[in-house]
Amino acid sequence: MIRTLVIGFGNLDRADDGVAFHVVNAFRRRRGQAALDEGNTGLEELGAPVDSVFIGQLVPEMIDMLDDYDRVVFVDAHVDPALDDLYCAAVSTDEAGLTFTHHMSPATLLAFFKALNGRDLEGHLVSIRGRDFDFHRDLSVEAIPLVEPAVDRILDLLGRGI
Amino acid sequence: MSARKITIEPVTRIEGHGRVTIHLNEQGEVEQTFFHVDEFRGLEKFCEGRPYLEMPQITQRICGICPVSHHLAAAKACDGVARVEPPRPAKLLRELIHMGQIIQSHGMHFFHLAAPDLLLGFDADPKDRNVFGIIKANPELAVKAVHLRRYGQQIISRLGGGKRIHPNLCVPGGVNAPLTIADRDAIAAELEGMTEIGKIALSVARGWLESNKALADMFASFPSNYMGLVDEEGGLQLYDGEIRVKDADGKYLAQFKSEAYLSHIGEHVEPWSFLKHPFYRKQGFPQGFYRVGPLGRMNVIDKIGTPLANEEFKQFRTINSGKPVEGSLYYHYARMIELLYGLERVGQLLDDPDILSKDVRNYPKLQLPGHGVGVIEAPRGTLIHDYSTDENGILTRVNLIVATGNNNWAMHTASGAVAKAFVNGNKLTEGMLNRVEAAIRCYDPCLSCATHAIGKMPLEITLMAADGTELDRIAR
């Protein structure tokens, strides 16, 4: 059985930077799970074949938690106009940064995990282009319609068992 | 050969972004070095007009690295504005969350930022001279480092309303919730194991410095004043105390209450950096520059109030026969002594009968306008928040002297000393330039905090001729 962790990360107080929170909750609703509220990351409810969490940022100590999984789907916002508005890609440890301090990229986290545990995790990124990063909690009109398609992509990854 | 300028931009493996320019004379020798911080944020200005009560939350967001420090200093300043003294249990809880930050910050800095230079070598290939290189060389040590950081973060999270970054704990007059028995027990359960990791970290730092004593004694080694908080017995005090300043020979220059800091500390501005240069007023600038943070603290205190760290402190004081230790690399040793202190102090706090008390807040009888100064010893050094409000509690003036800012001239001096000793302008090597960066890294600077800034700067080293012609460029 492939165990999967969906990790949404971002800042809920900065508009589209928190889009992953909405994606994770839409994902949870589709699977018949209760949505996370602001004070609940989902980290206390792990243990199912597919788990989902929303956190502020990726940090080194997550490697202990990742040891229970085979596959990780990262969900976040991006600002690169060269990428698709709904951008999905495999995460390669080849793209890992050589150092980090108190937060890290998906590739660096997986590389750190691999370096310490000696095994690869299958990694995927589902990223929505953000247009509004102002100090509020509403998503932009461009980001809202991408939430459900992002969930479709995550479910597709799970369904394909890739 | 014409005079040239070498630029290191950004300085790597530090928090925030800095730039070093090395100016060579016509013989290719280092003539002058500048440590530039080119970021500006202006928190002191845009907080004017805000209610003072918001500051423990606003100022945390200066930085995601050391938010707890700002949260605590802001809370203490707000205590002053509101003229309210928190009850003892609240002070214990504030100090406990502070120890969580000391543990995670010092642990992270040593293992991930400093250790690559120390354990892999200044001249190691940059592809390997990083945390992944440490993992390859010593995977067990790397795992311990992660667990230590996690422990510190969990203390912060348990006290901070479940938030590791930007915790929610302090309010004027105290804290917003007592510690639960479950949280106390959870923190206590891992303490012994974490203390063992702290001892290992300390032995690694001490061992490296003992084995490289000649280097440590000359690398970025220079006389300076030193500053830090002390308790009523002259002991290490990271949460509350009086500010003590000593000179390069270890003689007392001053000891004063936080509120009097402006009588003793001035701020100087240079045109080539947005980071201010604090200095001891009586000596003027730059003679009055001082160092803060772990080395500064070890050089001003008389003892440490926890047994294991105190024994290490006694050893530390023998390095320069009881006089202040000057070599910048000894910051790493001092930092690990403080890591051990933080772990021991957690134990003392958890054992205090008041730690579970529900008496965690005193309510002020507001008498506005108000003025308050909050000072703590952040991981990187003395942090000062100074607020003044109008009759409605709206901030009219904010002054922040952030830990790293206190070390600004010292980092400038350190980078210059190392550049002079190691950079040969006729033959540049990556290792030479890494040594200049390593000098700054000793200070564990948080430049984002110190300029209240966040920036994204391209990574480039440029070599400039005296006439401004670009001679060479390296991208890292």
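What percentage of the 476 residues of chain B count as buried? In this predicted model, the share is 55%. The chain is built from 16 helices and 16 strands. Among its contacts with a separation of 6 or more, 70% are accounted for by residues 24 or more positions apart.

A good place to start exploring chain B is helix H7(B), which runs over residues 181–211. With its 31 residues, H7(B) reaches 45 Å from its first C-alpha to its last, close to the 45 Å expected at 1.5 Å a residue. Along the way, H7(B) bends by about 45° at Leu191(B). The buried residues of H7(B) are Ile187(B), Met194(B), Ile197(B), Gly198(B), Ala201(B), Leu202(B), Ala205(B), Trp208(B) and Leu209(B). What lies over these buried positions includes five helices of chain B: H4 (88–120), H6 (139–159), H8 (213–218), H11 (307–316) and H12 (330–351).

One of these covering helices, H12(B), can be followed in more detail alongside H7(B). The axes of H7(B) and H12(B) come within 9 Å and cross at roughly 160°. Angles over 145 degrees count as roughly antiparallel, and H7(B) and H12(B) are therefore roughly antiparallel to each other. Their crossing is left-handed.

Helix H12(B) also packs against H4(B), and here the two axes come within 9 Å and cross at roughly 150°. H4(B) and H12(B) are therefore roughly antiparallel to each other, and their crossing is left-handed. On the H4(B) side, the residues that meet H12(B) include Leu92(B), Leu96(B), Met99(B), Ile103(B), Phe110(B) and Leu118(B). Their counterparts in H12(B) include His332(B), Met336(B), Leu339(B), Gly342(B), Val346(B) and Leu349(B).

The next pairing brings H4(B) together with H6(B). The axes of H4(B) and H6(B) come within 8 Å and cross at roughly 155°, which makes H4(B) roughly antiparallel to H6(B). H4(B) passes H6(B) in a left-handed crossing. Among the residues making this contact are Leu93(B), Leu96(B), Gly100(B), Ile103(B), Gln104(B), Gly107(B) and Phe111(B) of H4(B). From H6(B), the contact includes Ala142(B), Ala145(B), Leu148(B), Tyr151(B), Gly152(B), Ile155(B) and Leu159(B). Leu96(B), Met99(B), Ile103(B) and Gly107(B) of H4(B) appear in the contact with H6(B) and also in the one with H12(B).

Helix H6(B) itself has 21 residues and reaches 31 Å from its first C-alpha to its last, close to the 30 Å expected at 1.5 Å a residue. After H6(B) comes Gly161(B), whose phi is positive, near 70°.

Chain A offers a view of a single residue, Arg131(A). Its place is in a loop of chain A, between strand S5 (122–129) and helix H4 (147–160). With 15 other C-beta atoms within 10 Å, Arg131(A) is partly exposed, because this count falls between the 12 or fewer of an exposed residue and the 20 or more of a buried one. Leaving aside residues up to four places away in sequence, Arg131(A) touches Asp16(A), Ser140(A), Glu142(A) and Ala143(A). The C-alpha atoms of Arg131(A) and Asp76(A), which are 55 residues apart along the chain, are separated by 13 Å.

Terms used:
Residues are numbered from 1 along each chain as its sequence is written. Chains are lettered from A and ligands numbered from 1 in the order in which they are written. This is a predicted model: local features need pLDDT of at least 70, side-chain atom pairs count only at pLDDT 80 or more; totals for chains, interfaces and linings use all residues. Helices (H or I, at least four residues) and strands (E, at least two) are DSSP runs, numbered from the N terminus. Two residues are in contact if their C-beta atoms, placed from the backbone, lie within 7 Å. The expected span of a helix is 1.5 Å times one less than its number of residues. The bend at a residue is the angle between axes fitted to the seven residues ending there and the seven starting there. Axes are lines fitted to C-alpha atoms, for helices over the stretch in contact, and angles run from 0 to 180 degrees between N-to-C directions. Angles under 35 degrees count as roughly parallel, over 145 as roughly antiparallel, 65 to 115 as roughly perpendicular and the rest as oblique. A crossing is left-handed if the near helix is turned anticlockwise from the far one by less than a right angle, and right-handed if clockwise.
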